[in-house]
Every structure is written in C-alpha cells, then in structure tokens.
Amino acid sequence: MAVTRTFSIIKPDATRRNLTGAVTKMLEDAGLRVVASKRIQMTREQAEGFYAVHKERPFFGELVDFMISGPVVVQVLEGEDAVKRNRDVMGATNPADADEGTIRKTYAESIEANSVHGSDSEENAKIEIDFFFNEDEIVG
Ligand code: ADP
Ligand code: MG
C-alpha cells in the first residue's frame, strides 16, 4: 500500500477542551504522521470556501458558525492509505453511530461538534491541503 497524504482539522469543540494532543495521539497511534500542523482562527470566508460543497445543506450556516467559533488545528497527515486510515480512526459523522475506539466516539459532542474533519478522497485531500498549506510548510 502506498504512502499518501490526507488533510485533517481538529475542530473548535476539541481545541476548546484542550484535546489537541489527545486527538493527535489517536491519529499517530493509528499509523499517521503529522507532516504539517498549524493552529489558526478560520475566517468566515475561509470556512464558507472550505465547506462550499455543503452550501445547499440545511446545516451549512450553523456549520460555518461552529467552525469559526474558536481556533482549529489544520494538519497534513501521511501514512499508508492515509485517507482511509484517517476516516477509520475518525469514526462516523454522528458520534452516536461511531465505533468504539474512534476519535468521534471518544470525544465528539454532537453530529456537528464532532471534533475532527478528514478528507473523503485523495482528490479532495489534495484540494484541501492546498487550501491551507504551501508545499514548503509540509515536511515529511
Ligand atoms: P464528515 O465530516 O464525516 O465527512 P460530512 O462531510 O457529511 O461529514 O459533513 C461535514 C460536517 O458537517 C460534519 O463533520 C459535521 O460537522 C457537519 N454535519 C454533518 N451532518 C450534519 C447534520 N445533520 N447536522 C449538523 N451538522 C452536520
Ligand atoms: Mg466530509
């Protein structure tokens, strides 16, 4: 299996509860390596642009409000089959449906405040990494 990259966000509900390290440890324990990381306050424009694919969904406005409600940690993760590996350790979108041992089962507060984002395909991973990082900020 090839070593690939994916994009992750530790969301405001997790940074608020001082869970940056705990979430990152779960990512690392799942075989992912943090090759870029920065803590940022997203602007409304950034959040709307990042989640543009969801703009017709009823929760879009609340999702944007939530994502700018506090700092987030954006990360590039590297590992074998990184997109799937990350989605597996994240767990289902709704923590009520997430498997034991996943980040969302362990830490998420709700279907919205669900602690982490992870790219859903290699194609989207590239787009999302480029949205937040320059290549010279990624050091594997
Ligand atoms: P995932 O993050 O698992 O890929 P989606 O891409 O479907 O899930 O949704 C993006 C984000 O929008 C979710 O992580 C969550 O924060 C929020 N969200 C999804 N569904 C709902 C919902 N029904 N109500 C409120 N927020 C939601
Ligand atoms: Mg998604």
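Contact in these legends means heavy atoms within 4.5 Å. The model shown is predicted.

**Figure 1. Close-up of His-117 in strand 4.** His-117 touches Phe-7, Ser-8, Ile-9, Lys-11, Phe-50, Tyr-51, Asn-86, Met-90 and Glu-128, residues up to four places away in sequence being left out of the count. With one of these partners, Glu-128, the contact is polar and runs from side chain to side chain at 2.9 Å. Met-90, another of the partners, stands 27 residues from His-117 in sequence, and the two C-alpha atoms are 8.0 Å apart in space. The relative accessible area of His-117 is 10%, so the residue is classed as buried, a class that requires a value under 20%. His-117 is also among the residues closest to the centre of the largest pocket, the subject of the next view.

**Figure 2. Close-up of the largest pocket, which holds about 630 Å³ of space.** The lining consists of 25 residues, and those closest to the pocket centre are Tyr-51, His-54, Arg-57, Leu-63 and His-117. Two or more lining residues come from each of helix 3 (44–50), helix 5 (82–90), strand 4 (116–118) and helix 7 (122–132). Helix 7 supplies the largest share, four residues. By residue class, the lining comprises ten nonpolar, eight polar and seven charged residues.

**Figure 3. Close-up of the positions annotated as "binding site" in UniProt.** The unreviewed UniProt entry assigns this feature to Lys-11, Phe-59, Arg-87, Thr-93, Arg-104 and Asn-114. Lys-11, Phe-59, Arg-87, Thr-93, Arg-104 and Asn-114 are included in the lining of the largest pocket. Two of the annotated residues, Arg-87 and Arg-104, are treated individually in the views that follow.

**Figure 4. Close-up of Arg-87 in helix 5.** Arg-87 has a relative accessibility of 31% and therefore counts as partly exposed, the class that lies between the 20% and 50% limits. Beyond its neighbours within four places in sequence, Arg-87 is in contact with Gly-118, Ser-119 and Asp-120.

**Figure 5. Close-up of Arg-104 in helix 6, which spans residues 103–107.** Arg-104 is buried, because its relative accessible area of 4% falls under the 20% limit. When residues up to four places away in sequence are not counted, Arg-104 touches Lys-11, Met-90, Gly-91, Ala-92, Thr-93, Pro-95, Ala-98, Asn-114 and Val-116. Among these partners are Lys-11, Thr-93 and Asn-114, which also carry the "binding site" annotation in the unreviewed UniProt entry.

**Figure 6. Close-up of Thr-102 in the loop between helix 5 and helix 6.** Thr-102 is buried, with 5% relative accessible area. A polar atom of the Thr-102 side chain lies 2.7 Å from the backbone oxygen of Asp-99. Apart from neighbours within four places in sequence, the residues in contact with Thr-102 are Met-26, Asp-88, Val-89, Met-90 and Gly-91. Met-90 and Gly-91, listed here for Thr-102, are likewise touched by Arg-104.

**Figure 7. Close-up of Thr-6 in strand 1, residues 3–10.** Thr-6 has 0% relative accessibility and counts as buried. The side chains of Thr-6 and Ser-119 form a polar contact of 3.5 Å. Residues up to four places away in sequence aside, Thr-6 touches Gln-75, Val-76, Leu-77, Ala-82, Val-83, Asn-86, Ser-119, Ala-125 and Ile-129. Ser-119, the polar partner of Thr-6, is also in contact with Arg-87, and Asn-86 is touched by both Thr-6 and His-117.

**Figure 8. Close-up of Ser-69 in the loop between helix 4 (60–67) and strand 3 (72–80).** Ser-69 counts as partly exposed, with a relative accessibility of 40%. Not counting residues up to four places away in sequence, Ser-69 touches Pro-12 and Arg-16. A polar contact of 2.9 Å joins the side chains of Ser-69 and Arg-16. The side chain of Ser-69 also places a polar atom 2.6 Å from the backbone oxygen of Phe-66. Ser-69 and Asn-86 are 17 residues apart along the chain, and 24 Å separates their C-alpha atoms.

**Figure 9. View of residues 3–140, annotated in UniProt as "domain: Nucleoside diphosphate kinase-like".** The annotation comes from an unreviewed entry. Helix accounts for 40% of this span and strand for 20%, and the C-alpha atoms at its ends lie 11 Å apart.

Conventions: Residues numbered from 1 in each chain as written. Chains lettered and ligands numbered in written order. Predicted model: local features only at pLDDT ≥ 70, side-chain atom pairs only at ≥ 80, totals over all residues. Heavy atoms only, no water. 1 Å grid on protein atoms, 1.4 Å probe; cavity = no way out; pocket = protein on both sides within 12 Å on 5 of 7 lines; lining within 4 Å. Points joined across faces, edges and corners; volume = space filled by probe spheres on them. Nonpolar A, V, L, I, M, F, W, Y, C, P; charged D, E, K, R; others polar. UniProt positions renumbered as here; feature names shortened; annotations may be inferred. Buried < 20%, exposed > 50% of the residue type's maximum accessible area, 1.4 Å probe, protein only. Polar contact = N/O pair within 3.5 Å; in protein donor to acceptor, adjacent residues only side chain to side chain.
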